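Colleague: I'm new to this one. Could you walk me through it, one question at a time?

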2 protein chains.
Amino acid sequence: MPIVQFTPFSSLVQPSLWHKLTDLKIDVLKLSDAAVPISGSYSTGRTIKDRETGQEIALPCNLTVGSESFEEGHKPPHGAVAAIGTLKNYNTIEEFKAADKTALFNQEAQAIWDHIIATRSTEQLNRFLLITFADLKKYKYYYWFAFPAFVSKPAWEIGEEGWREASEELDTTQLSSIHTQLRAQANSLPYFLLRKEKSGEIAFAPVEAYETFYASVAPEEQIIGFVDPSADPTNPGWPLRNLLAYLRALYPNTTSKLRVLRWRNSEIPHTPNTLWKSQIGVLHVSGEVTDATARPSAVGWEKNPHGKLGPRVADLAPMMDPTRLAAQAVDLNLKLMRWRILPSLDLDKISSTKCLLLGAGTLGCYVARALMGWGVRTITLVDSGKVSFSNPVRQPLFEFADCLDGGKPKAECAAEALKRIFPGINATGHTLAIPMPGHPIPPGAASIAQAKADVAKLEQLIDEHDAVFLLMDSRESRWLPTVIGAAKGKIVLNAALGFDTFLVMRHGARASSLSTGKDGKPHQRLGCYYCNDIVAPADSLTDRTLDQMCTVTRPGLAPTAAATAVELLSSLVQHPDGVFAPPPPPNTNSSNSDPEEGVNSVLGQVPHQLRGFLNQFKTMPLVGAGYDKCTGCSETVLKAYETEGFSMLLQAFNDAKYLETLTGLDKLYDEGDALLENVDWHEEGEDEDDF
Amino acid sequence: MPIVQFTPFSSLVQPSLWHKLTDLKIDVLKLSDAAVPISGSYSTGRTIKDRETGQEIALPCNLTVGSESFEEGHKPPHGAVAAIGTLKNYNTIEEFKAADKTALFNQEAQAIWDHIIATRSTEQLNRFLLITFADLKKYKYYYWFAFPAFVSKPAWEIGEEGWREASEELDTTQLSSIHTQLRAQANSLPYFLLRKEKSGEIAFAPVEAYETFYASVAPEEQIIGFVDPSADPTNPGWPLRNLLAYLRALYPNTTSKLRVLRWRNSEIPHTPNTLWKSQIGVLHVSGEVTDATARPSAVGWEKNPHGKLGPRVADLAPMMDPTRLAAQAVDLNLKLMRWRILPSLDLDKISSTKCLLLGAGTLGCYVARALMGWGVRTITLVDSGKVSFSNPVRQPLFEFADCLDGGKPKAECAAEALKRIFPGINATGHTLAIPMPGHPIPPGAASIAQAKADVAKLEQLIDEHDAVFLLMDSRESRWLPTVIGAAKGKIVLNAALGFDTFLVMRHGARASSLSTGKDGKPHQRLGCYYCNDIVAPADSLTDRTLDQMCTVTRPGLAPTAAATAVELLSSLVQHPDGVFAPPPPPNTNSSNSDPEEGVNSVLGQVPHQLRGFLNQFKTMPLVGAGYDKCTGCSETVLKAYETEGFSMLLQAFNDAKYLETLTGLDKLYDEGDALLENVDWHEEGEDEDDF
């Protein structure tokens, strides 16, 4: 009698599985390579008709997995049966290659066997293993399935008649009845028992009911059924192997000859003439079972497309939208920080911070780039200038071509560059001149209306963002956004350059009833850019010589200051107190800055001011308290702005003494008591277009 | 009798004057606005024939200045006469506008007058003034000429006959004689005296010879000649005004009636029929000269093209080659550093340093940008990878489009970007894998030949450059360039990133007979990247998990480290001892780092190593001595490389223990005496393509 050959499972992996695995790896598994339970499913085998020969060709015996494979308790689609599995994802390709495949396989086979013996249940008979390595940078997935199946020794044989059409033995009513009863199960059964009643009816039971269901039934009336994923006319599918092993192990005395139904009808044929596709055969096995509980050997590693035992590769990159690939790649690089180094880092807090950059020069370009590195999705730039020939070598969002024909507007040009770098970014540029104290608005309705519109535009932009970066080229242009930013409670970051020195600071937040620390004590009000001044900001632009107008700074200064400003923001937003985060106490070093103290964020210290000195490669933290006569952030100024709006601002622009009188600085000045040092930082200077 | 009207000078400024002024301003004048002597020239006035009417139209009475105007002792072209002038260039447009023009003008007029009275010379009669403001960022030049001319009161009148053709009074032989005698002068004379001899010959003398030359000559035989830039038939040119003033001041008694020759013949007419263009007229002035030495009033500010008294503007930008504009703009920004802040800065030392960047990832891109900011003209990048989707947001020379279709080669792509940013740069990219210890060369002639070729290529590249930056993603890939760089005595700069920490260092230079400091003591041999190691570099790339493979760093880290590395180079090349510059002593602060000591460069300190800690916004300088068992720079290793060449390197690549045995590190290791701490820096990781 011919030996029964079985058609092995052929894995069918939906790309959605890899996307889901990617998310799981990045967000949950991280460095873990622990086994993850998954599920798959298979249906009755299908054929297609060869167009030329008209012959029916069997499709592969697919076991399908997809994104749903990771869902706990997922039910397979109607008519399909579930297979449970285990996914083991390795961290490196070397580990994937070096994994002890024999041990892994035997472990799975043993688990199936132990389950049979211990529980007499069929539920793990289709258990499978999937080992993977996910190269998330390239969207390449290396994988290898194993479908452990026990080997019967001696082999099963099939009777001379071979596999016959089930309809030769069972009539349409009986076959329809099997179909109906199979479909009635809560969970689709991969295996089932049938019993031909005297009445001609077909009784149906799960395989676990073998002993009672067949208690006094003649072998000719017994039919062992299984949902057969194989459409091959002679070779039944892989699930039959473990079903036979199960029956031999548990009922060795009654199972040396079995009538087996290869159930292949997911639907009842529509017309009487259509053949039922299921088959029946009688299988025999010779010899005695000496030790029914001894695990037979098992086989079942899937072959690769070359027919060799080896892993397969799914390369998803060519299938993916490049823009999405870029977005995922950027996301991945950030999320990797949380795997090992900073599990508590809240990336969303950074990436969702909407950033307004006032100034699209050297500092603005470098700040935008560093923000993009942190995954910040909304970056808006404001500048009034055009790209000039000296810009591109120092301002890393511009090229030579941007300088031609008089130069593109800097803010818009920088925003375009950001989109060219990363299409997923929401970048906008606005050409806008920021009105300044000491630069009177020319008399006349038109120019006042223009100033009013400029102020309104700036107010709107600040409203729409969470953090405002002051990256302009003069001291006085920082005044208006300082006032508006403070009044609206925004994060305000400030960077200014000298020749080889820089200042980076965060403006202190306005006190509010919420502004108490964890210890319940009110937060110290930190100073702003103007808090150390004893004069109001005034015109520092007119009458500048060329070296004062241009950015005369060491080229390494701006990238350092810009990166410092962005990292100060990233540390700030990670701090539980946010904008109220206390600066580290003076002379804090790493050993006594316990994050438990509440001083540090997960990224470390959140200083108030940093002054960098390139001639010594040194950066010094400083803390400056808010000043109650400050022309930028004192309550007097903020309340006057909030009460009077544009008319107050207009006075500040036009009247050199207004702010000093308002704050009382003039009295201090009159007393000639210059207690505070007025450090005159040489500002970064971009193009001046005021002549 | 009609009053004589004079045609004023019309300035003709060659663009070359502005280019020359630009250079002068940037390199010499800097912030000085002291008067600079210049010269101009004018020729005899010319006419053109109106195409429609056939009438002769007088061209403007040009005084021409150009780049030659700044040359001391410059002689005007043949037939033209020189005018001397003064250029005063203001630092700001405000100063230019606010300049006291009346005072300036009177000062010039007084100088002319004083010269007449004191020296009786005519050489300053055509003296002119040019005030300017050069907006070098925009190539816009604001300027205003003054040609001071004395006003005669009462005015000169011309006889009824007016200006007659000179040929009516002088025959061709006489006119030709004047032409020849004028041309024979060593310096073209603007004015001259003629005397009609009885013989019919024409005697010729400079104006200064007035008294003797005309001692006993009848007024009818006297002719006062001047080279007339005016071609107007009735109005003689401006130079006549001061000539008349000169004569009235010095010879008041004999000059109330003068026969004046407007000399306009730069060439002798070719044909007898052609008219001589010169004219003769008899000028009269009435009244007595009461005080001949009293300076008359003067006029002469040039009108602008609108016919108003006001400055003119030359906008050169549209005329210039944009590439040249860019080169000059970049140059300007750097040279401005020397105006006020660092006059002794040697920019050429930086810009001429040829830089080789090994690694075109995050660090490589930022280093290239900062070098470009310093004006470095030769930047060569080496990388073996391709641009991947996660790169552009962190690697500032790449864009999304560079990632498509598998990604462009990084080194070449980065070099192309540098050229797009600044066309004047000499940027090249090379795709090259650097062989590494611990990564054995696969056996076989082909792979060994490839490794040999790769080594030869790297050796050649290092030979061709002055400074080598190690900006790769692994510890061991830095070994080969460390050895070659040390052997060839190159500047080697190294930057490596952790998550929020960086290391930037310069490798110590190999001791040589030249390597003694100013004090004659030998320089301390500073360490290299490997000097702290007690094991040889080995494979750290295989078996890395995703977070170890990718650049898991705070985005602000790379720009800071890259800028630090470039500024370390800029400080180093400014130091008189260059690569042997001593690091600042420990705990040096600004107050005791006297540049006279020889420790600092003009840019400040030249540390050996800098370790940055972003979690504290802190950078710490460190000094590490060279280690005589170092696998990277010890004499043992360098001599083995120099003696055995590639075969020594091949052993190092293939045999994990070779370097430890060679240096004796193995013995140290055997003793189990780990005296030195082996700090394991987490390297920046770019894409790994080794699977």
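Modeller: Sure. This is a predicted model, and we can start with a helix: the buried residues of H10 of chain A include A:Thr362, A:Leu363, A:Tyr366, A:Arg369 and A:Gly373.

Colleague: How many of the residues of H10(A) are buried?

Modeller: Here a residue is called buried if 20 or more other C-beta atoms lie within 10 Å of its own. Among those in H10(A) that pass are also A:Gly364, A:Cys365 and A:Val367. The helix is mostly covered, and the count is 12 of 12.

Colleague: How far apart are the end C-alpha atoms of H10(A), and what span should its residues give?

Modeller: H10(A) has 12 residues, and at 1.5 Å a residue they should span 16 Å. That agrees with the model, where the end C-alpha atoms are 17 Å apart. Just past the helix, by the way, A:Gly375 has a positive phi of about 85°. So, to your question: 17 Å apart, against an expected 16 Å.

Colleague: What's the strand order in the open sheet of chain A?

Modeller: There are 8 strands in it, and their pairing is mixed. From one strand to the next, the twist averages 15°. Reading across, the order is S20-S19-S18-S21-S22-S23-S24-S25.

Colleague: Which strands stand at the edges?

Modeller: An edge strand here has a single partner strand, so one side of it has no neighbour in the sheet. That fits residues 426-431 and 618-622 of chain A, which are S20 and S25.

Colleague: And in S21(A), which residue is the bridge partner of A:Leu358?

Modeller: S18 (residues 355-358) and S21 (residues 467-470) of chain A run parallel to each other, paired over 4 bridges. The partner of A:Leu358 in S21(A) is A:Leu470.

Colleague: Back to the helix, then. Which strands does H10(A) touch as it packs on the sheet?

Modeller: H10(A) covers residues 362-373, and its direction makes about 175° with that of S19(A). Another helix, H15(A), lies across S21, S22, S23 and S24 of chain A, at about 165° to S22(A). As for H10(A), the strands it touches are S18, S19, S21 and S22 of chain A.

Colleague: Which helix gives the largest share of the side of chain A that touches chain B?

Modeller: In total, 77 residues of chain A are in contact with 76 of chain B. Elements supplying at least two residues each on the chain A side include H10, H11, H15 and S25. By class, that side has 43 nonpolar, 18 polar and 16 charged residues. The largest share, 7 residues, comes from H7(A).

Methods: Residues are numbered from 1 along each chain as its sequence is written. Chains are lettered from A and ligands numbered from 1 in the order in which they are written. This is a predicted model: local features need pLDDT of at least 70, side-chain atom pairs count only at pLDDT 80 or more; totals for chains, interfaces and linings use all residues. Two strands pair if DSSP finds at least two bridges between them. Axes are lines fitted to C-alpha atoms, for helices over the stretch in contact, and angles run from 0 to 180 degrees between N-to-C directions. Two residues are in contact if their C-beta atoms, placed from the backbone, lie within 7 Å. The expected span of a helix is 1.5 Å times one less than its number of residues. Ala, Val, Leu, Ile, Met, Phe, Trp, Tyr, Cys and Pro count as nonpolar, Asp, Glu, Lys and Arg as charged, and the others, Gly among them, as polar.
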